[in-house]
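User: Could you walk me through the reasoning behind the labels used for this fold? I would like each one set against its cut-off.

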Amino acid sequence: MNIRIGQGFDVHAFGEGDHVMLGGVRVPHERGVVAHSDGDVVIHALCDAMLGALALGDIGRHFPPSDPRWRGADSMTFLRHCNALVAARGWRVGNADVTVVCERPKVGPHAEAMRARLAEALGIDIEAVSVKATTSEKLGFTGRGEGIAALAVCLLERQ
C-alpha cells in the first residue's frame, strides 16, 4: 500500500488567559485554554491524524498529560516528533487538512500563518496544508463559547 490516511480530533475548554495557540500561532483571545501543554487543538488533532495513519495510537499515548515533562510544552515539539515517526517508518506527509470549530476567536486572519508554521514543521510545501474554520451555529459547547475543537485529516505517502 502506498498511501495511508489518518484522522484526528481534539478539544479544550476555555479558561484563564489572553490567547490561544492554534497551529503554532499565538492568537489573541479574551480567554486561554485548560490544558496540560499549550493546548494547541490544531496541532493535537493533526498529531492524532498522523499517529492514526501509522496505527500508533494517539497523542496521549506518546505525550501523556500525567507526565510533568509536557506541562506547558510547545505543541510544535509534538508535531516534530510525530513527523519523525512518520519518516522513520518510510512515509512522508502528502497533505494535511485541519478544521477549527469555534465561535471565537476568528481563525481566518491567522490561517495563512498557521499553514506556514505547520508546513515548515512537516517539511512540506504550504500548498499541501489547509487550515480553515467553522462555527457550530451557536450549538453545543463550542457554540456556547465554552471551548474550542479541531478536526484533522492527513495523507501519508511512501517515501
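Analyst: Happy to; the helix pairs come first, then the pocket and two backbone details. Please keep in mind that this is a predicted model.

User: What makes H1 roughly parallel to H3?

Analyst: The two helices pack at an angle of about 15 degrees, with their axes 9 Å apart. Angles under 35 degrees count as roughly parallel, so H1 is called roughly parallel to H3. The crossing of this pair is left-handed.

User: Which residues make that contact, and how do they divide by class?

Analyst: From H1 come Ile 43, His 44, Leu 46, Cys 47, Met 50, Leu 51 and Leu 54, and from H3 come Ser 75, Met 76, Phe 78, Leu 79, Cys 82, Asn 83, Leu 85 and Val 86. By class there are twelve nonpolar, three polar and no charged residues.

User: Why is H3 called oblique to H4?

Analyst: The axes of H3 (residues 75-88) and H4 (residues 111-122) come within 9 Å and cross at roughly 40 degrees. The roughly parallel label needs an angle under 35 degrees, and roughly perpendicular runs from 65 to 115. A crossing at roughly 40 degrees belongs to neither range, which makes H3 oblique to H4. The handedness here is right-handed.

User: How do you know that H3 and H4 are in contact, and what classes of residue take part?

Analyst: Contact means heavy atoms within 4.5 Å. Met 76, Leu 79, Arg 80 and Asn 83 in H3 meet Arg 117, Leu 118, Ala 121 and Leu 122 in H4. This contact has five nonpolar, one polar and two charged residues.

User: What lines the largest pocket, and how do the classes work out there?

Analyst: The lining consists of Asp 10, His 12, Ala 35, His 36, Ser 37, His 44, Ile 59, Gly 60, Phe 63, Pro 65, Trp 70 and Phe 78. The residues divide into six nonpolar, five polar and one charged. Gly counts as polar, so Gly 60 goes with the polar residues of the lining. Strand E1 (3-15) and helix H2 (59-62) each supply at least two lining residues, and the pocket has a volume of about 170 Å³.

User: Which backbone details should I look at in the loops?

Analyst: In the loop between strand E5 (91-101) and H4 you will find Pro 105. The peptide bond leading to Pro 105 from Arg 104 is cis, with omega near 5 degrees. In the loop between H1 (41-54) and H2 sits Ala 55. Although Ala 55 is not a glycine, its phi is positive, about 60 degrees.

Conventions. Residues are numbered from 1 along each chain as its sequence is written. This is a predicted model: local features need pLDDT of at least 70, side-chain atom pairs count only at pLDDT 80 or more; totals for chains, interfaces and linings use all residues. Side-chain values use heavy atoms; hydrogens and water are left out. On a 1 Å grid over the protein atoms alone, a cavity is a set of points where a 1.4 Å probe fits but cannot get out, and a pocket is an open set with protein on both sides within 12 Å along at least five of seven lines; lining residues have an atom within 4 Å of a point. Grid points are joined across faces, edges and corners, and a volume is the space filled by probe spheres set on the points. Helices (H or I, at least four residues) and strands (E, at least two) are DSSP runs, numbered from the N terminus. Axes are lines fitted to C-alpha atoms, for helices over the stretch in contact, and angles run from 0 to 180 degrees between N-to-C directions. Angles under 35 degrees count as roughly parallel, over 145 as roughly antiparallel, 65 to 115 as roughly perpendicular and the rest as oblique. A crossing is left-handed if the near helix is turned anticlockwise from the far one by less than a right angle, and right-handed if clockwise.
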